Amino acid sequence: MRLRLIGPVVGVSIIGLATLVGFGAGIGKQETAQAQESRDTDDQRDRDREERRKRLSQIDRQINAHAEDALDQGRQIFRFDTYGSEAFFGDALQLHRAIAGAANGGVGPGVSPKTALAVGLKVDSNALPDSLKAQIKAGKVNLDDPATTLALLKLNAVLGLTGKFDSSGRITSLGTQCALCHSKVDDSFAPGIGKRLDGWANRDLNVGAILSLAPNLKPFTDLLQVDEATVKKVFASWGPGCFDAYIDKDGKGLRPDGGRACTLIPPAFGLAGVNLHTWTGAGSVPYWNAYVAVTEMHGSGTFFDLRFSNKDQYPVAARSGSFNVRGTPDLVTAKLGALHFYQLAIPAPKPPKNSFNQAAAARGKEVFNGRAQCATCHVPPLFTEPGHNLHAPEEIGVDSFQADRSPTHMYRTAPLAGLWTHQKAGFYHDGRFANLAAVLEHYDSTLRLGLTNEEKAELVEYLKSL
């Protein structure tokens, strides 16, 4: 079965990408009265929680302890567990050698911190020693040297990537984590460097450009039965914030109209109470954790979904057996519970103050719940349907290409809380609508709502307020 590459594809290079600017931004800001008030509220909440804890029964204390343990374990798994994916990204693809560069025992020019940040990798400032932060601010750290990237990996400071090093300090392998795609930073130290924001979709991350650096793409060419040039063309079509989790199942490189076949990276927050996960709703949160950990990150674990054995819809999966994977040892299954618990505990972030017009948003809420009919599917406060939250493509007025790649052949009603965090790269599964105004124009036309321009503008403000 050959990879179906339909339409034109544009190449990509990370050489000569924009340099890092703005170090020290936001450093030294004075404490505000609002921040102090927030701390006082948090302190009072902690005191109230402690008082309630004293009155708990034995079984309730056990439940609380279990929840706290699951939360801590899930956070650790989400941020740092590679599930044994080093066997794929390191041993097979040899991606660590491309990052190191020839000067550090690898191949090629290597990946400097500037280049890493330019392709959307993020750095956890809390993992950096104070002395290193001071050196960076003073301009005494060479951000053009791949050796600096290796030093950051040794500190576990690069979100979603873990390097393996031998006793001499040479990098020997590389693994990935959930946080690679589903975490960002607050840019409090510099652009791309700051405190972790778990659950946020990393719409800056150019997965295709990163994978294209791998010295050995044979795992992809063998699986898809195409040459290396074709694989790189497909990777180049994705662009920032987009990833194709089905190409290794159905072999479709592009849409029939020549557009990219990948989907935007979704957020992993605000999912408590939501039935199905991802754009086409093939499964719940733990389903997708297993799917991604085993079949996309290529960790060692168990994944089973007989739907992918359909050779007509999924010729690549049927041939490779990825519908029934039994990795030994299983480094995934025992972690799904705590990981699920942690992800459900991540709330959708509140929009920054003054980021939307409050009066207009209040009027937009009335339109949302009334004339615009948005709340019919985006039911508050989940902003998706309680129950089976899937719709046929014709119901929402879009083509079925991505839906038909899913076992569901449908699209999920996406939750809207925290929408303001992932406006980059567009809306809908493939970013076809550049902004919220374009989304509303689509629905106004498709559903023949007859909304006024004022109502549409108010709706946009309400969506930004969620």
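**Exercise 1. Work out how glutamate 455 and arginine 371 pair up, and which parts of the chain they join.**

Start with the contact itself: the side chains of glutamate 455 and arginine 371 meet in a salt bridge, 3.0 Å from N to O. That fits the cut-off, a side-chain nitrogen of Lys or Arg within 4 Å of a carboxyl oxygen of Asp or Glu. This is a predicted model, in which local features need pLDDT of at least 70 and side-chain atom pairs count only at pLDDT 80 or more, while totals for chains, interfaces and linings use all residues. Residues are numbered from 1 along each chain as its sequence is written, and side-chain values use heavy atoms, with hydrogens and water left out.

Next, place the partners. Glutamate 455 sits in helix 20 (residues 453-465) and arginine 371 in the loop between helix 16 (358-369) and strand 11 (390-391), so the bridge ties together parts 84 residues apart in sequence. Helices here are DSSP runs of H or I with at least four residues, strands are runs of E with at least two, and both are numbered from the N terminus.

Last, check burial, where buried means under 20% relative accessible area, exposed over 50% and partly exposed in between (1.4 Å probe, protein chains only). Glutamate 455 is buried at 16%, whereas arginine 371 is partly exposed at 43%.

**Exercise 2. Find the partner of arginine 255 and say what wider network the pair belongs to.**

Go for the closest atoms: arginine 255 bridges to aspartate 399, with N and O 3.1 Å apart. Arginine 255 lies in the loop between helix 12 (247-250) and strand 8 (263-264), and aspartate 399 in the loop between helix 17 (393-396) and helix 18 (401-405), which puts them 144 residues apart. On accessibility, arginine 255 is buried at 12%, but aspartate 399 is partly exposed at 26%. Now zoom out: Arg255, Asp257, Asp399, Asp430 and Arg432 are linked in a network of salt bridges.

**Exercise 3. Is lysine 122 buried or exposed, and what does its side chain pair with?**

Take the pairing to begin with: the side chains of lysine 122 and aspartate 204 form a salt bridge at 2.8 Å, N to O. Both ends are in loops: aspartate 204 between strand 6 (196-198) and helix 9 (207-212), lysine 122 between helix 5 (113-118) and strand 1 (123-124), 82 residues apart. As for burial, lysine 122 counts as buried at 8% relative accessibility. For the full tally, a search of the whole structure gives 26 salt bridges.

**Exercise 4. Which cysteines form the disulfide, and why do cysteine 178 and cysteine 374 not bond with their closest cysteine sulfurs?**

Apply the cut-off, a pair of cysteine sulfur atoms within 2.5 Å. Cysteine 242 and cysteine 262 pass, their sulfurs being 2.2 Å apart, and theirs is the one disulfide in the structure. Then look at the geometry: the link is right-handed, with 105° about the S-S bond. Cysteine 242 belongs to strand 7 (residues 242-243) and cysteine 262 to the loop between helix 12 and strand 8, 20 residues apart. Both are buried.

Now the other two. The closest cysteine sulfur to that of cysteine 178 is in cysteine 181, 9.3 Å away, so it is too far for a bond. For cysteine 374 the closest is in cysteine 377, at 9.2 Å, again too far. Cysteine 178 is buried at 12%, and cysteine 374 is buried at 17%.
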